[in-house]
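Q: I'm new to this one. Can you walk me through it?

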Amino acid sequence: MGLLSDPNRRRALISLLTRLNAPICVVCYMAGVVWFMGLAFEPFTLRTYMSENAMGSTMVEERFPSGERALATGREFAAHKKKVGGMPVDWLVKTMQARGLEVFTQTFSRTLPFPDENKERYMVKGTNVYGILRAPRAPRTEALVLSAPCTQGDHNNQAVGLLLGLAQYFRNQIYWAKDIIFLINEHDLIGMQAWLEVNMGRGGSIQAALSLELSSDVITSMDLVLEGLNGQLPNLDLANLFYAFCQKIGVLCTIQGKLQRNDWDSVSGYSHSVQTMMLMVMKQASGRPWGDHGLFLRYHIEAATIKGINSFRQYKTDTNTIGRLLEGMYRKLNNLLERLHQSYFFYLMPSLSHFVSIGYYMPAFGLLAVILLLRALDLWVQLASPPPGTEDGVVDTEQMWSPDVLSVLTPLVISHLTGVALYYLPIHFQKMALEHFPVSDTEAVVLTAIAVYTAGLALPHNTHRFVSGEGTEHGWRVLKLVAVLYLAVLLGCTALINFSLGFILALTLVPVAAFVTPHVPKVPSAFVLVILSPACTLLFSVFFFQELQEVPISFQDGWVLYLSVISQGILDHSLYGSLVYPLIALLVYPCWLLFWNILFWE
Amino acid sequence: MAAPLTLLLILAVTIRAALYRSSLADLIAERVEVVSPLTAWKRVVEGLALLDLGVSPYAGDVFHETPLIIYLFHFLVDYAEITFMLADVITAVALYLAVKDYNKQVFRKQKYALEAERYPLDCLELIRSPKEMYYIPLKVAMFYLLNPFTILSCVAKSTCGLNNAVIALFILTTIKGNVLLSAIFLSLATYQSIYPLTLCAPALLYLTQRQYIPVNFRRFSFWWFVAQYAFMYLGSLFVMICLSFFLLGSWDYLPSVYGFILSVPDLTPNIGLFWYFFAEMFEHFRLFFLCVFQINIFFYTIPLSIKLKEHPVFLIFMQLAVISIFKSYPTVGDIALYLAFLPVWSHLHRFLRNIFLVSCVLLACSALFPVLWHLWIYAGSANSNFYYAITLLFNVAQILLVSDYFYAFLRREHHLSYGLYLKRKDGSEATLVLK
């Protein structure tokens, strides 16, 4: 309590903080970035370890023998799929019933707010088929899910074949203490969403789920996808389980498509793990589900997607081995006594065998957030000390306070109304835009969004003058104090829910918040402000992501991709309730507009 | 002054009416920060349904409000929204009138002191001007009506709003010097939630001062007044308790309302300190710590009354804050009531030390409550420790806020009697240190 009550030490600390404010802020920013980059350095990370007792000690002997037959089933499935021209529901029902499962079908239909050009769908009608393998000697209270999406074209037939093969094999085993649900979902996440909404109760409470994607008979490596809706991640033990079995059975395993390397002390090794971690950060920040498992997480079900990848490596793995891998994982999941909860939920993975937990990565964000608090403190001190030249500070501040409330309130209200417009108009104005401009549906939505966004820049920055005459020095300080605190709270909450998104936004918005005043040169600052605005951050992220994936694109393609990313964001919000689009439109963008407003304060 | 107040009331009612019509109302009514097991509207509806079926509303351990509340809503259930808006309006108007009256008294006292030249010369800048005090009552009403906490509480139809109205009426009648009504409203507030019992100390101090009765334990006049007040208070409390008995025809409600408040059986998370502590505790310590936690709330009355015996209205503010921080089922509505008093102490601003830090923490915590709740309950990735950490921080910030105001108040009083620029014995500038 010394600092809080001793006035001398307080004064010394505050004067130190205000005098050295700018250098401290710069140092904090650097330290935050360096800390973040340091997270990928292997000595600073922890090795993954299995925390769940029930999955740790049990020895499992995997004997799945019928990989060839599974592939044959897959081919049969492909033939029926081609014949029906979609999901061969009758064949699947018959096949599952022949394997002794309790089979159900579920039809669903969904109309998208606007046609999705990436996946070419608008009015979606589909059927999910799922069979439940009842646990022989247990009450039907708990279940595990294995799902494989039925996609258009030639993809994923092997996954369905393997799923059916595993169903047959599991049926003859006696160990099962939980029901196992074999799900084949149509129209990927839309089908998954429909299934989850309806079937949460039927097979007992679901403990874990894996989604399988497999498109060739022979694969070279297995890739683990963790990122779910709104950047939610499954319990780390699920990743540990996958890694442990890959090690045991001898399958090459990757995360973000990146193999693990042992040369962490070399530059290339370090940059490799930075690349892996950055890919995870970018994917998590996008807030969209990166596999069909992504929606399970919302219902407290730990889930991941496992993808078979066929690249040009020498090392090949056949379907038998993948079957054994899945068998092993399900046998261990079967041993769970309670939900997976022992290990971490907040982590980043620079490689499959190492992770960074929340305690290690939060300081990186904290260092950035501290800048906002320091700036706020600085402003507070400036506001609290009476301006030089006026004798009786009391009367003056009294007179200044009342217009200040208005000059703060009007920008706040107007920028938020712009945010609301950005949130509602794109979808509602779609029809009108289509009538007047020669554009497609998706383009209409995205271009409306961009138009509203740009219009917001022109709109509000002089509004306070109409209400309260000339803006004062005092006025913009109060506005900036409000804006800085607003941003700090906003970023803090975002970082708790989705660290990556919070960190990326902090990286770009914190410098803006720190340097903007009405007295900096207008044109270059406006340029910097626009460059660091949320929309441009997204544009850079698109290019950066492509760069990380080692498929760089031209500016033209990048722009097209950027437009489709925006439309996907809006679609994800209306289909699955992804929070990124409303967060940006309703909160982050208005907050950024406040800083824009301060720059043009007159 | 009536015009701005009317405008403010219209604005406040419009906001509430709009929110009642929006989809947010259901969401807000579920928030644990806004409604407690005592005040939740859902439970009142359940109680009403049981009453209509001819069963005791306290059967089934859902309903914990007092019988008078349920009979009030027995008649007003169709007008519930209007009732809650009206309660907020009554609170705001009562506080407005009370503060207006209080400010007049403060100013009169200050005038006498100035005329008697009791203030040191260098304290003139501490003297309050009528201009500065003119808008305070309006600001108090505004702080109450436009406080997001109050709005949330009203939209959730938390019966906390009614309790606040009763307490505000108690404050108004006390400040107006009406002994009988003050005792009746105090007993009504006590009947509603026990804890306002501690407010009888400031009420007594204020009323004795107003009637020029010295607070002297050896004087008969003082004890006679205390006895009168106690008689009125206990008498009306007795009437209410008996009335409840005759309305329901059983004593069911005593354990179900007061037992529920005091023994804290419902450990649903809220913004208070009880739930986590008692969820974690071994069963055989429970009774002991229950006593400690409950006595804690009443304990501050004695030292605060001694220290602040000259300033009963500030004591009311302190007591309200203590109650809303330490009570067993606090909600944001309780906090809103004492926050409404902050403009009354705006002249203390120059002596506040941590107001920036504290307001930042309060702001951040208010935003973090729903986020951590989401992570804990919906996402399943965080756990109760995260939420409790924020609860703890929120309460620490509140305690710092209140103690800061307490310190600032005492310091101003100190300066008013010893001069603003204190000198040490050797002539150098001295500083006041709180130790």
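The chat below goes over the chain contact and some annotated spans.

A: This is a predicted model, where local features need pLDDT of at least 70, side-chain atom pairs count only at pLDDT 80 or more, and totals for chains, interfaces and linings use all residues. Residues are numbered from 1 along each chain as written, chains are lettered from A and ligands numbered from 1 in written order, and side-chain values use heavy atoms, leaving out hydrogens and water.

Q: How many residues does each chain bring to the contact?
A: Chain B brings 28 and chain A brings 23. Contact means heavy atoms within 4.5 Å.

Q: What area is buried between chain B and chain A?
A: About 2,100 Å², with 71% from carbon and sulfur atoms. That is accessible area (1.4 Å probe) lost on being put together, summed over both parts. In chain B, R353(B), F356(B) and S381(B) lose the most, together 25% of what that side buries.

Q: How many salt bridges cross the interface of chain B and chain A?
A: Zero. The rule wants a side-chain nitrogen of Lys or Arg within 4 Å of a carboxyl oxygen of Asp or Glu.

Q: Which helix of chain B gives the most to the side touching chain A?
A: Helix 19, with 16 residues. Helices here are DSSP runs (H or I, at least four residues), numbered from the N terminus.

Q: New topic: what does UniProt say about chain A?
A: Its unreviewed entry places "transmembrane region" at several spans, including 481-514 and 579-601. Annotations may be inferred rather than shown by experiment.

Q: How far apart are the end C-alpha atoms of residues 481-514 of chain A?
A: 11 Å, and the span is 97% helix. For residues 579-601 of chain A the ends lie 32 Å apart, with 87% helix.

Terms used
Buried area = accessible area lost by both parts, 1.4 Å probe. Helix = DSSP H or I, 4+ residues; strand = E, 2+ residues; numbered from the N terminus.
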